[in-house]
Amino acid sequence: MKEYATVLLYAIPFFIVLIAIEFLIGRAKGVQTYRGFDTISSLSSGMTNTLKEVLGLSIVIISYRWIYEHVALYEVEAKWWIYVICFIGLDFAGYWAHRFEHVINIFWNRHIVHHSSEEFNLACALRQPISNVVALFTFLLLPTALLGVPPKVIAVIAPLHLFAQFWYHTRLINKLGFLEHIIVTPSHHRVHHAINDVYLDKNYGQIFIVWDKWFGTFQEELSEVTPVYGVKRAVKTWNPILINYQHLWLLIKDAFRTQRWKDKLQIWFKPTGWRPEDVSKKYPVESIADPFSYEKYQTPSRPILSIWAWLQLTINLLLMLHMMYIIADITIYQLFQYGLFLFVSIYGYTALMDHSKQAIVAEIFKMGIVISIIYMQGTWFGIAAFVIISYSLISVLSSCYFLLFQNNHV
């Protein structure tokens, strides 16, 4: 956790600078690539995923080290060509894991948050899940383990492979000539994020596009069909924590409501979007039939609410960076306390963006966390108690103000 937190201390500011550059270039070109609340939701989603990873909230059923120790046919040194094999092996496994997440009902819940933005930009690349708490697809690295790629090589290549998927989430880069035949480009990934029928469930590749071409899932971006982004069942919320579990909640309700025991069992492993016939008739769910006539989700807000939401995002990002900076100096119990505070805080201000009164409940809960921690420690992890208490109190009062007094005047 400490090593990962150290890497992110440098990576997060780098990502934010690139997002700012994309925004400015888009403005200069007259292309609207960002909307305020959508961007805040994307960045907040990235924060929740970072918190999950830093807190180690993942369960590994079969680790790569275990597979390596039991099935490796060779024992090789970590030379440069081993790193190349590892990178290719990770990408091959990533293609299949990504494909499973798109085409199997229960696995879609692990991935929906990444597709939930109705924009396509570098910020939406940071929409990463917190619902994938169980590592299910380690077995896909079996070929790499058979070749004897050491676990320490995986540990180096895995974050590089992940970060290399950031750059192509943009509308500002057109097709890239011969590279279109080899690697995943922005054009390829625009197709992947689109909900147009011709583009749906295509281009699963993460670094190399050749997997899609070999396994029949490739689709070129067509000049006559502009991609429309999002998911077929629009999430209609800015709250990244709710988005992470929307699909799972629908599956649970459908499994409970359907009369057939067969459907209660098979719903989890049917193709994504499948619902039992009796439930789909009695409890219809709105789906986007014509992407071009769909109006993007937007909550009305005055400039002051937008300013407050951006301020909340900034404060929580700085607090998260502070948590990662002091991670070596605090106990695991204190780390989880800090993490809980940040999760609740993110829930609070994104619920406020939805005009949901859950924001008030979250902010009051956050205040309770702050008071209890300061009572036990005397300070907020080295920050003066007065500062955090004041911030939390202002958050509670602001939520009450916006929801109880301003909603009728928007």
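Start by selecting E363, which in this predicted model counts as buried, at 1% relative accessibility. E363 is found in helix 16, residues 358–377, and if you display its surroundings while leaving aside the neighbours within four places in sequence, you will find Q312, S345, G348, Y349, S395, V396 and S399 in contact with E363.

From there, zoom out to the whole chain. The secondary structure comes to 17 helices and two strands. The radius of gyration is 22 Å, close to the 22 Å that the globule rule gives for 410 residues, so the chain is as compact as a globular protein of that length. Taken along the principal axes, the C-alpha atoms fill a box of roughly 60 × 55 × 50 Å. Of the 410 residues, 50% count as buried, and among contacts with a separation of 6 or more, 77% are accounted for by residues 24 or more positions apart.

**Salt bridges**

A search of the whole structure finds 14 salt bridges, and a few of them deserve a stop. Select R190 and E221 first: their side chains meet in a salt bridge with an N to O distance of 3.0 Å. This pair links distant parts of the chain, since R190 sits in helix 9 whereas E221 belongs to the loop between helix 10 (210–215) and helix 11, 31 residues apart. R190 is buried, with a relative accessible area of 5%, and E221 likewise counts as buried, at 14% relative accessibility.

Next, select D254 and R275, which form a salt bridge whose closest N and O atoms are 2.7 Å apart. Here too the pair links distant parts of the chain, with D254 in helix 11 and R275 in the loop between helix 12 (261–266) and helix 13 (277–282), 21 residues apart. Both D254 and R275 are buried. Now add R35, E118, E119 and K296 to the selection, because these residues are joined into one network by salt bridges that share partners.

One further pair to display is R110 with E101, where the closest N and O atoms of the salt bridge are 3.6 Å apart. R110 is buried, with a relative accessible area of 11%, and E101 is buried as well, with a relative accessible area of 12%.

**Cavities and a pocket**

Turn now to the empty space. Rolling a probe the size of a water molecule over the atoms shows where such space is left. The count comes to two cavities of 30 Å³ or more, and about 60 Å³ of space lies in the largest cavity. To see what surrounds the largest cavity, select R35, D38, S116, S117, E118, R127, V235, K236, T237, W238 and Y297, which line it. These lining residues divide into three nonpolar, three polar and five charged. R35 and E118, which are in this lining, are also members of the salt-bridge network visited above.

For the second largest pocket, which has a volume of about 640 Å³, centre the view on W108, I112, V231, K232 and R233, the residues that lie nearest its centre among the 29 that line it. Then colour helix 6 (112–115), helix 9 (186–193) and helix 11 (240–257), each of which supplies at least two residues of this pocket's lining. Which helix gives the most to the lining of the second largest pocket? Helix 11 does, with five residues. By residue class, the lining of the second largest pocket divides into 13 nonpolar, 10 polar and six charged.

**Two last selections**

Select L73, which has its place in the loop between helix 3 (64–71) and helix 4 (80–103). Is L73 buried or exposed? L73 is exposed, with a relative accessible area of 60%. Even so, when the neighbours within four places in sequence are left aside, L73 is in contact with A145 and L146. A distance drawn from L73 to V133, 60 residues apart along the chain, will show their C-alpha atoms separated by 30 Å.

Finish with V17, which lies in helix 1, residues 2–29. V17 is partly exposed, with a relative accessible area of 47%, and it is not classed as exposed because that class requires over 50%. Drawing the distance from V17 to S131, 114 residues apart along the chain, gives a C-alpha separation of 27 Å.

Key:
Residues numbered from 1 in each chain as written. Predicted model: local features only at pLDDT ≥ 70, side-chain atom pairs only at ≥ 80, totals over all residues. Heavy atoms only, no water. 1 Å grid on protein atoms, 1.4 Å probe; cavity = no way out; pocket = protein on both sides within 12 Å on 5 of 7 lines; lining within 4 Å. Points joined across faces, edges and corners; volume = space filled by probe spheres on them. Nonpolar A, V, L, I, M, F, W, Y, C, P; charged D, E, K, R; others polar. Helix = DSSP H or I, 4+ residues; strand = E, 2+ residues; numbered from the N terminus. Buried < 20%, exposed > 50% of the residue type's maximum accessible area, 1.4 Å probe, protein only. Salt bridge = Lys/Arg side-chain N within 4 Å of Asp/Glu carboxyl O. Contact = heavy atoms within 4.5 Å. Rg over C-alpha atoms; globule rule 2.2 N^0.38 Å.
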